Amino acid sequence: FLFNGGINNKGNTFYSEYMAAAPAHPIIYTLLQKTVADLFIQYTNRSFIPLTPKERKSAYFDFIMKYIFTNSAEPKGRRMIYSGMNQSVTIMNITNEESQYFLHASFPHILELGDSEATDAACLDWNELKHETTISSLQTLVHSSQVRKCVDGLYYIQDIVNPQSISPSRKIPKIIHLTSKTRCVTKAFADNVKTWYFDGYSVFLHDDEAIARLYSRDWPEFPLLKDTINCITSGAGFADIWRYLILWKYGGIYTDLDNAPGPLFQNGTLIKDDDDAFFEVEAAKFPSQYFLAASPQHPAMYMAVQSAIQHLFNEQNIVKQYVPLTTGPGALKWGVHYAVGNAYLVPGKYTSFDSRRSVTIVGNRTAAMRRSYINR
């Protein structure tokens with residue numbers, strides 16, 4: 001790659017007009033993923049990355065270099081080689097005059113994609129995305145082939161279906177999603193599930209069949225999902241990404257099976273009709289992953305999935321992956337960070353990069369340790 005270390009606001013940039021790489025090089029693979037992700041969330045006339053088109057191309061490379069080759073400083077020498085992900089990249093540091101030669105004298109002028117048909121229209125409007133937040137589609141998704149009879153000592157969990165749990169006047173549907181390997185659970189878990197039976201709410205339990213059914217769907221908005229899930233080595237990892245996907249697709253509340261609502265959760269009434277995404281601050285001071293709520297197609301859920309995919313892709317040894325960081329709370333933390341610009345938030349409502357979307361935060365470290373909102 002060519003790097004311009006010049007001055008006068010023209011330096012410190014990588015050039016995408018000229019590049020060379022071995023087949024299937026990870027830096028190109030990651031560049032494709034980031035480009036697809038950024039295009040997908042260009043939902044208004046503003047760019048997701050607030051830069052000019054020429055600066056944006058360089059910013060992609062800056063991002064990739066810092067993400068993959070995290071130990072690399074700004075190139076200073078004439079020719080530098082950096083290693084990362086078991087491969088390497090060579091950077092040639094050129095002057096402004098040399099860069100002009102490469103960009104103009106040595107190559108014919110070509111029309112950049114989109115230049116001839118540029119408009120002020122949005123690339124994609126998230127509000128126009130078709131989703132399946134219907135009770136019937138959820139019933140189809142969670143349908144289990146398991147016989148409704150459990151061995152002695154276990155209790156079958158039946159879904160609670162309330163057609164009124166989805167309302168056009170409310171952003172986050174009154175739908176609670178739980179997951180378990182099967183629908184047969186101990187009495188303690190069965191009793192705990194009942195603590196989530198709020199007035200006006202539907203409650204769906206997703207067993208392993210339902211989770212596999214969701215993963216098997218086509219996900220054009222996450223083009224690398226099916227490639228990277230093969231790198232997940234634990235049931236916890238599958239459940240992590242599943243909870244982001246289920247809220248991205250259907251919206252509602254996700255809670256761990258062993259959670260119970262705390263006294264300040266107020267039987268679900270704490271989440272208001274205009275709340276768009278809702279998190280408790282956990283003991284580690286960032287948004288909780290054991291309990292989360294969002295409207296369908298919320299940016300935080302989209303970015304959480306993308307963050308988990310990126311972490312899996314960057315794993316050097318999938319056997320030794322640290323699940324909480326790779327797909328768990330670490331992925332969600334970055335999802336919220338990308339959505340609102342920060343992951344360590346105090347209680348309040350925060351506007352996302354889409355000014356129509358927001359994130360509501362409640363609680364603090366002390367409240368989480370006292371189990372005031374969620375009893376876990």
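How many bridges join strand β6 to strand β9? Two, and the strands, residues 175-179 and 252-255, run parallel. Before I go on, a word on what we're looking at: this is a predicted model, where local features need pLDDT of at least 70 and side-chain atom pairs count only at pLDDT 80 or more, while totals for chains, interfaces and linings use all residues. Residues are numbered from 1 along each chain as its sequence is written, and side-chain values use heavy atoms, with hydrogens and water left out.

Okay, terms. Helices (H or I, at least four residues) and strands (E, at least two) are DSSP runs, numbered from the N terminus. Two strands pair if DSSP finds at least two bridges between them.

Back to β9, then. I253 in β9 is the bridge partner of I176. β9 also pairs with β12, this time antiparallel, through four bridges. One spot to click on there is G252, which stands opposite A294 in β12.

Follow the chain out of β12 and you're in the loop that leads to α9. Q297 lies in that loop, and Q297 has a positive phi of about 60° although it is not a glycine. Most residues other than glycine have a negative phi. Q297 counts as buried, at 4% relative accessibility; buried means under 20% relative accessible area, exposed over 50%, and partly exposed in between, with a 1.4 Å probe and protein chains only.

There's another one like that. K285, in the loop between β11 and β12, has a phi near 75°, again positive in a non-glycine. K285, though, counts as partly exposed, at 49% relative accessibility.

H298 is in the loop between β12 and α9 too, and H298 is buried, with a relative accessible area of 0%. A polar atom of the H298 side chain lies 3.0 Å from the backbone nitrogen of A300. For the record, a polar contact is a pair of N or O atoms within 3.5 Å; within protein, one must be able to donate a hydrogen and the other to accept it, and residues adjacent in sequence count only if both atoms are side-chain atoms.

Now α9 itself, residues 299-313. The helix has 15 residues and reaches 21 Å from its first C-alpha to its last, close to the 21 Å expected, the expected span being 1.5 Å times one less than the number of residues. And 15 of the 15 residues of α9 are buried, so the helix is largely enclosed by the rest of the structure.

So what does α9 give to the largest nonpolar core? Nine residues, and that's the most from any element. By nonpolar core I mean a set of buried Ala, Val, Leu, Ile, Met, Phe, Trp, Tyr and Cys residues joined through side-chain atoms within 4.5 Å. The largest has 46 residues, and F222, L245, F279 and M301 have the most contacts inside it. Among the elements that each supply at least two residues are α4, α8, β12 and β14. There's also a second, separate core of 26 residues, including F198 and I271.

Last stop, α8. Leaving aside neighbours within four places in sequence, L245 is in contact (heavy atoms within 4.5 Å) with L214, Y215, W219, F222, L225 and V305. Y244 lies in α8, and counts as buried at 0% relative accessibility. With the same neighbours left aside, the contacts of Y244 include M301, A304 and V305. Y244 and A308 are 64 residues apart in sequence, yet 9.8 Å apart in space, C-alpha to C-alpha.
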